[in-house]
Every structure is written in C-alpha cells, then in structure tokens.
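Reader: I'm new to this structure and would love a close look at one part of it. Could you walk me through the place where the two domains meet, and what lies on either side?

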Amino acid sequence: MDESKLGTAAAPWPVVVVGAGAAGLWAAWRSASLGARTLVVEKTPRTGTKVLASGGTHCNLTTTLEPEGALALFGDRGARFLARALWNLPPAAVRERFDEWGVPTVEAPLEKIFPQSGNARDVRDALERAVRSAGATIRTTAPVAALEPAPFGWHLVLEGGERIAAARVILCPGGRSYPRTGTTGDGYGWCTSLDLPLVEQVPALVPLTSPDAWARELTGIAVQEAEVRLVAPNGRTLGRRRRPVLFTHNGLSGPGPMDLSEPVARANGGLRIAIDLFPDTEREELRDLLVSGASTRGAPKVARMLPAPLPARLRAAVFAAAGLEGDDPRCSELDRATRHQLVESLKALHVRVDGTLGYDKAEVTAGGLDLRVVDPGTMAVRGRQGLFACGELLDVQGPIGGLNFQAAFATAELAGLAAAGD
C-alpha cells in the first residue's frame, strides 16, 4: 500500500510539507532528521524544478557574506524578520551542509557560491537524497487544491478529491516566478481562503523594459564595473546597487538593474535608471582629466582621457547625451558647459524604464504572506495552529547573489525544527 496515502483523521501525518523546492526539501529533511514522520507533496512530476533552472542551471545556492552583511541586503523590514533564521543557519553552515551531502562549493565574483561541479542538478539531487535518507516520503504529481482546518490539524485536498490528514503543515509552494517550473502562485489562494493577509505580488529580480530606442540599440553591451541608481520623477534615489549592467533589446538587464526591479514593477512609470560608468572616479577627477587633455600638446581626443575604454557604441550614446558633436571630439573642443554635461553623462547616464519582463523572466516574487502574521523564530503562522510557512511564499526577498536561496534554507530550517518538535 502507498504509505503516502495513510494520513487519516485517526492517524494523520505528523508533518506534511507542501512543495518540493529548495525550502520544501530542506524543511522536510530537517523535520524527518528529528524523527517526525514526514510527507512531501509536490504538484509537478519531479522535485526541485526551479533549483534545476536557477543560476543558468549552475545554482548560486548561497553567499560568501556573513549573516550581518547578508541581512543588510534584505532591507530593514526583511533583516528584522530574517535575523534569527540567518544567525541560526548562516551561509557558511549551508556550505558545510552541502559539503557533507557530497556537493563541495566554490566562491565566485559578487559574493556568490556555486556547486564545484557548476551543475544545479547536484544541488537538487543532494537535497532529495537527504530527504529520503532521513526517512521522509516524497510524493510527486500531487497538486494541492485546498487547505482546510481540521480538529486534528489540517486536511490537504488534492486535485481529484483525495484528502491527506496532517497534524502540522509546512507551506513551501514558492511564488509566481518561473511559472513554467510549476510555481503559479497556488499558495496565495490558500492564504486567502484562510483569511491570511497578503502583500500584493509583483515580479522581482527581473529585466527592465525601456522606451528609449538609443538604449535598446546598445543590445549586447555589458558594463561590469557600474553603479546604478533607480531615480523617481522628483529626483529622489529609490535604490542603488554596485553591480554589472547589460543592455538588451528590451532595455536593461544584469544584476544591477534587476536588483532594483521591484519598485519598477510597482510603479506607474516615470522612473529612470542612472548608470555611473566610472563609480571609482569622482566627478572632479573626471573634470580634471578632461581639462588636462585640453591643455596637453597634441590635443588628445576625449576617449583617450577617460579612466577606462568604453565600447564604441556606448561611448557614442554618452557623447550624444552630453550634446557632443562628432564620433570623438578633442578635449580642446569642449567648452565648460559641454565638459560639465559630459561628466554628468558619464556619472549618471539616464535610461527611462517603464516596466519589467514579468514573471516568466523573474527570479523571485516580491510580496506574499504578510510577515506580521509569521513568527520569525519558528515560521509558525500566528492564529493557525500547526501551520508554518517559509521560502518564497513570504513577503521577503533579497538581491541577486544566492541571498534568496539562503533565506529559503534558513526559514525552512526553523520551520522544520518547529514542526518536528511541536
């Protein structure tokens, strides 16, 4: 007889985990490792589908940052909520755990950590092996249609009508990002049915669209050392990231713009991305370089006096934004006002942004279950005995760089501990 169907009102499963992604598998492993009979139900035919697709199939599974540095990247509200989780399971502990599971890791630029093999499948397989070795049961192709309170805990109603009884439930269904992997926002409907408050969801960590034809014509150009700012119509800076920028046929991509995508998704237009092409060089230094060029014998051209070469198409766009005539004028040809405008264009090249590429291209979902109803020490949902939530379902998200996997593992660790010991 299929053990996964033994959950009845008389003998419910002690712990049922809904969703076999990064958070769900970790929570199930932790719960089962503590002796709780645990069932994982997954709507798709396999576990960890989004894990397999992450990081270009390489899986940036955590960060090199210490907990304090990692928490700062989640903003004040997110840092307060995640503090106990990340100090309980810091990034270094995640690396150690995967090493114990046979997946050594390596460091990469931008504080990233990848499996040494460079293969996301190794991460997924290690998680699944750990869950099964701990004694948990995994049941795939088992989509949950409804979650209902019951005297003993909870009933999970599967599509087709089958009911699974559970004393405690850990919700890890993911969000709406990458819907082709099965994350289609099912958990939000369950929250609504239980009168749990939700924060409006929008795609995040997603490429931006721009109405500026000149920016789209720079498709394929990447600026590795850049600082980007998201600027409101009133000139206020809404966010800032020192990360690479990629120009695309839709607008802007790369870690810098994508890290600032949530406010763009929530706005009604009017925002701009300001790109600092030389963040290590102050405006006054740039001005001095150009003035020096103007007084140098032979009157060098502007491009020669820049701190580093720019791709020709990007340089032309900067010059056009500054009102310069010609492909590369000589420094001596710049008057004071034009020189000032050139410096401003180099330090804050403005690109209008009017939207994102949506959930299909988003790495995470912003918004979700309101953190005010979740206990940050256990991930228990307040007022709903035996219900826990973790991972992307929660209204907390960080920037690109393994932070969201780290948050998923850390919140799942607390949920698994609490559910197993409840």
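Author: Happy to; what follows goes from the two domains to their interface, and then to the strands around one salt bridge.

A word first on what you are looking at: this is a predicted model. The domain assignment divides the protein into domain 1, made of residues 13-203 together with 364-420, and domain 2, covering 207-357. Domain 1 is therefore written as two stretches of the chain, with the numbers of domain 2 falling between them. Taken over C-alpha atoms, the centres of the two domains are 39 Å apart.

Now to the meeting place itself. Twelve residues on the side of domain 1 are in contact with ten residues of domain 2. The size of an interface is often given as the accessible area lost when the parts come together. Here the area buried between domain 1 and domain 2 is about 890 Å², and carbon and sulfur atoms give 56% of it. In domain 1, the residues that lose the most area to domain 2 are Leu110, Pro203 and Ile400, which together make up 50% of what that side buries. Keep Leu110 in mind, as we will come back to this residue.

There are polar links too. Across the interface of domain 1 and domain 2, four residue pairs are in polar contact, both partners having pLDDT 80 or more. Two elements each give two or more residues to the side of domain 1 that touches domain 2: strand S10 (198-204) and strand S20 (364-369). Of these, S10 gives the most, with four residues. Sorted by kind, the residues on this side of domain 1 are eight nonpolar, two polar and two charged.

One salt bridge is found across the interface of domain 1 and domain 2. Arg243 forms a salt bridge with Glu111, and their closest N and O atoms are 2.5 Å apart. The structure as a whole holds 22 salt bridges. Arg243 sits in the loop between strand S14 (237-241) and S15, while Glu111 sits in the loop between S4 and S5, so this pair ties together parts that are 132 residues apart in sequence.

Let's follow each partner home, starting with Glu111. Strand S4 (residues 105-108) and strand S5 (residues 112-115) pair in the antiparallel sense over four bridges. They form a hairpin with three residues between them, and in the turn you meet Leu110 again, with a positive phi of about 65°. Beside the turn, Ala108 has Lys112 in S5 as its bridge partner. Lys112 in S5 also stands opposite Thr63. S3 and S5 pair antiparallel over two bridges. Together these strands make an open sheet of three in the order S3-S5-S4, with antiparallel pairing. Strand S3 (62-63) and S4 are the edge strands, each pairing on one side only.

On the Arg243 side, strand S15 (residues 245-247) is joined by two bridges to strand S16 (residues 251-253), and the two run antiparallel. Leu246 has Ser253 in S16 as its bridge partner. S15 and S16 belong to an open sheet of five strands, ordered S12-S15-S16-S11-S19 with antiparallel pairing. The edge strands of that sheet are strand S12 (222-223) and strand S19 (355-356), each pairing on one side only.

To find your way in the 3D view, start from the salt bridge of Arg243 with Glu111. Then step to Leu110 in the turn of the hairpin of S4 and S5.

Conventions:
Residues are numbered from 1 along each chain as its sequence is written. This is a predicted model: local features need pLDDT of at least 70, side-chain atom pairs count only at pLDDT 80 or more; totals for chains, interfaces and linings use all residues. Side-chain values use heavy atoms; hydrogens and water are left out. Contact means heavy atoms within 4.5 Å. Buried area is the accessible area (1.4 Å probe) that two parts lose on being put together, summed over both. A salt bridge is a side-chain nitrogen of Lys or Arg within 4 Å of a carboxyl oxygen of Asp or Glu. A polar contact is a pair of N or O atoms within 3.5 Å; within protein, one must be able to donate a hydrogen and the other to accept it, and residues adjacent in sequence count only if both atoms are side-chain atoms. Ala, Val, Leu, Ile, Met, Phe, Trp, Tyr, Cys and Pro count as nonpolar, Asp, Glu, Lys and Arg as charged, and the others, Gly among them, as polar. Two strands pair if DSSP finds at least two bridges between them.
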